[in-house]
Amino acid sequence: MARIILHVDMDSFYASVEELRNPDLKGKAIVTCMFSGRTKDSGAVSASNYKARELGIRSGMPIRAAKSLAKGKDVAFLPSDREYYWEVSSRVMQILRSYADQREGVSRRLQSMAFEQVSVDEAYLDVSRKAKGDWVKARKTAESIKKEVLEKERLTCSIGIGSNKLVAKMASKAQKPDGLTVVKDSEVRGFFENIPLSKLFGIGPKTLAGLEALGIKTTKELSEHDFKELEKALGSRKAKDLQDTSLGIDDSAVEEKEAQQISRMATLKKDSDDPKEIMEKIEELSEDVEKDLKEAGLHYKTISIILIDTRLQMQTRSRTTIESSSLKKNLDIAGELLEKFLSGNHESKLRRVGIRVSGFSQRKQRTLGEFPKA
DNA sequence: GCGGAGATGGACC
DNA sequence: CTAACGGGTCCATCTCCGC
């Protein structure tokens, strides 16, 4: 059956939430920042609203770069309060979820919906059954969603509608903020041809450069490029993925994914190669990971440390152990991994460190819908 | 050849 | 004057190794 998928993207979510929290900020340029705490203003921008974007301030840029763009202007720089954003997010997601199809073969009480939250401010909804192939119906659903989110949370969002997740995602980006864009199957080809290569989902700076080296400058050129040549340069999987993406082809399902890893990272107060100092930070971070682990009821098998040196080069070291739920008990492993790294890397000092657990045991209970059909 | 483990790199928010 | 630089997750790929 043909699908109809919605992609909902909250408009400059962090900044909008801050604007609601403090009425004094209304109408101002707002930038939320991750301050690393090592010097005043060291850190990066996590989000900016449209007023701030007009000045060229974008997420990911160093705070100091953002401040230099903001010089002489009235711009609010606020620390990111992610806990609070997740709180607001969960209320928004509850609204969105209620508009998605009921998953087939699942009892009403379990409330399993064809819904997928992909980040704090984004989600996919499968509405194929409710819309019954009717794009007008789907559009009305999207309008209702926007209305309810605005009334209940005073937030705007942009929604894209298409017959798969990729089309919906690119459609939601087409008109922002407060947009609503429908891309029917007959329109997909034209719509994608007009998307700049650099804006295509899955194409970052490296891939863009690689494609440019092949003489590919537009999405249309990518879609028409000889597959064999693309394959030779990028590998078969990547080549196939890219060419599918350039044509708006995607058959992935809208479904909630199980977490694969939990990690925490932080910047050290000052660069260090002292294992004692570094382990202190790692222990601190591990308490946070431990909390998440407990909440999710997960056991992990692999523990990794993440090390970022003064040149911002990242390295990881990991070890797989017997299944455990207690990170505290395994901190000595992190310590060993760190000692071993430092003894082999006398020249490097660390700027940021992190800890990660992964390899969770499959203890998920199967729901009725997942049992094989008799 | 196939898997798991360990490590790296690219991408996205 | 330039450079400045977070934290979290997913996935693919490569190598090595034992079977």
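**Close-up 1. Which elements line DNA strand C in this predicted model?** Strand 3 (43-48), helix 3 (63-69), strand 9 (261-272) and strand 12 (350-358) each bring at least two residues to the surface near DNA strand C. Strand 9 chips in the most, with seven residues. Helices (H or I, at least four residues) and strands (E, at least two) are DSSP runs counted from the N terminus, and "near" means a heavy atom within 4 Å. By class, that surface has eight nonpolar, nine polar and seven charged residues; Ala, Val, Leu, Ile, Met, Phe, Trp, Tyr, Cys and Pro count as nonpolar, Asp, Glu, Lys and Arg as charged, the others, Gly among them, as polar.

**Close-up 2. Residues up against DNA strand C.** R237, Q261, S263, M265 and T267 come nearest of the 24 residues around the strand. Sugar and phosphate make up 74% of the atoms of DNA strand C within 4 Å of the protein.

**Close-up 3. Polar contacts (N or O pairs within 3.5 Å) to phosphate oxygens of DNA strand C.** A backbone N or O atom of M265 sits 2.2 Å from one, and a polar backbone atom of Q260 is 3.1 Å from one. For R352, a polar side-chain atom lies 3.3 Å away from a phosphate oxygen.

**Notes.** Residues are numbered from 1 along each chain as written, with chains lettered from A and ligands numbered from 1 in written order. The model is predicted, so local features need pLDDT of at least 70 and side-chain atom pairs pLDDT 80 or more, while totals for chains, interfaces and linings use all residues; side-chain values use heavy atoms, without hydrogens and water.

How values were computed. A polar contact is a pair of N or O atoms within 3.5 Å; within protein, one must be able to donate a hydrogen and the other to accept it, and residues adjacent in sequence count only if both atoms are side-chain atoms.
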